[in-house]
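Reader: I am new to this structure and would be grateful for a close look at one part of it. Please take the salt bridges along a helix as the subject, and then place them in the wider picture.

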Amino acid sequence: MGGGGSSTRRVTFEADENENITVVKGVRLSDSVIDRMKEPSSPGGRPQSQHRSASGAVNDEELKKRIAEELALERARRDSEAQKRRLFGKILEQERISSNEHLTRAILRERAATEEERQKAQRFAKQLEEKDRELKKHDAYYKEQLARLEERSAQFYKVTTEQYQKAADEVSARFK
């Protein structure tokens, strides 16, 4: 409805034989706007036909004034809506930025926690490997000690058996 922006338009009016507005050139108006323009401007409610002078200039001026007022109201309404849209857009943008910042902080916290867990796992893995090496050293040491003890035990058994056999042979030789 109304004017299409900030450009100025030339508006012309024509009246029919009953002195009613039939054509408004240059502007497309809704039925409700046309009905409001046809309403009398004074509170007395004079009919439209009494309002016209012989030349029709007064009514045309009044009609032009009403159209200008309607166009101004329409332009103000559009400007208000545009301002609301801009404000709403700014609010949405601020919310989006805030949400993105919150999400970014959460992602960074999660990455830091993940990195900390990874480092902790690496430390535990190194400790486990160190423990494993230590256990292998102990295992090798104990196997070596066990082999020595078994060898000493075998030698002791051999010596003891030889001494027993020798003592038994001596006792047997004495009593024969």
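Author: In this predicted model, the side chains of R66 and E62 come together in a salt bridge, with nitrogen and oxygen 3.3 Å apart. Both residues belong to helix 3, where four positions, about one turn of the helix, lie between R66 and E62. Is this pair buried or exposed? R66 is buried, and E62 is buried as well.

A second pair is found further along the sequence. R77 and E81 form a salt bridge through their side chains, at an N to O distance of 2.4 Å. Because R77 and E81 are four residues apart in helix 3, about one helical turn separates them. R77 has a relative accessibility of 35%, and it therefore counts as partly exposed. E81, with a relative accessible area of 33%, is partly exposed too.

The pair R77 and E81 belongs to a wider arrangement. Which residues are linked in a network of salt bridges? They are E74, R77, R78 and E81. E74 is also located in helix 3. The relative accessibility of E74 is 13%, so this residue counts as buried, the cut-off being under 20%. The side chains of E74 and R77 are joined, in addition, by a polar contact of 2.3 Å. R77 thus appears in the salt bridge with E81 and in the polar contact with E74.

A further pair is formed by R148 and E144. Their salt bridge brings the closest N and O atoms to 2.9 Å from one another. R148 and E144 are separated by about one helical turn, because they stand four residues apart in helix 3. R148 is partly exposed, since its relative accessible area is 46%. E144 counts as partly exposed because its relative accessibility is 41%. By the rule applied here, the count of salt bridges comes to 10.

Helix 3 also contributes to nonpolar packing. The largest nonpolar core consists of five residues, namely V33, M37, L63, I67 and L71. Helix 1 (31-38) and helix 3 each provide at least two of the residues in this core. Helix 3 gives the largest share, which is three residues.

The helix may now be placed within the protein. There are two strands and three helices, and the order of the elements from the N terminus is β-β-α-α-α. Of the 176 residues in the protein, 11% are buried. Among contacts with a separation of 6 or more, 49% are between residues 24 or more positions apart. The accessible surface amounts to about 15100 Å², and carbon and sulfur atoms account for 54% of that area.

How far the model may be read depends on the region considered. The mean pLDDT of the protein is 82, and 73% of the residues reach 70 or more. Which elements have the lowest and the highest mean pLDDT? Helix 2 (residues 48-51) has the lowest, at 44, whereas helix 3 (residues 57-174) has the highest, at 93. Over residues 42-55, pLDDT stays under 50, and for this stretch the model has 14 contacts beyond four places in sequence. Where pLDDT is low, the predicted coordinates should not be read in detail. The salt bridges described above between R66 and E62, R77 and E81, and R148 and E144 lie in helix 3, the element with the highest mean pLDDT.

Definitions and conventions
Residues are numbered from 1 along each chain as its sequence is written. This is a predicted model: local features need pLDDT of at least 70, side-chain atom pairs count only at pLDDT 80 or more; totals for chains, interfaces and linings use all residues. Side-chain values use heavy atoms; hydrogens and water are left out. pLDDT is the predictor's confidence in each residue, from 0 to 100. Contact means heavy atoms within 4.5 Å. A salt bridge is a side-chain nitrogen of Lys or Arg within 4 Å of a carboxyl oxygen of Asp or Glu. Buried means under 20% relative accessible area, exposed over 50%, partly exposed in between (1.4 Å probe, protein chains only). A polar contact is a pair of N or O atoms within 3.5 Å; within protein, one must be able to donate a hydrogen and the other to accept it, and residues adjacent in sequence count only if both atoms are side-chain atoms. A nonpolar core is a set of buried Ala, Val, Leu, Ile, Met, Phe, Trp, Tyr and Cys residues joined through side-chain atoms within 4.5 Å. Accessible areas come from the Shrake-Rupley method with a 1.4 Å probe; for residues, only the protein chains shown count as cover.
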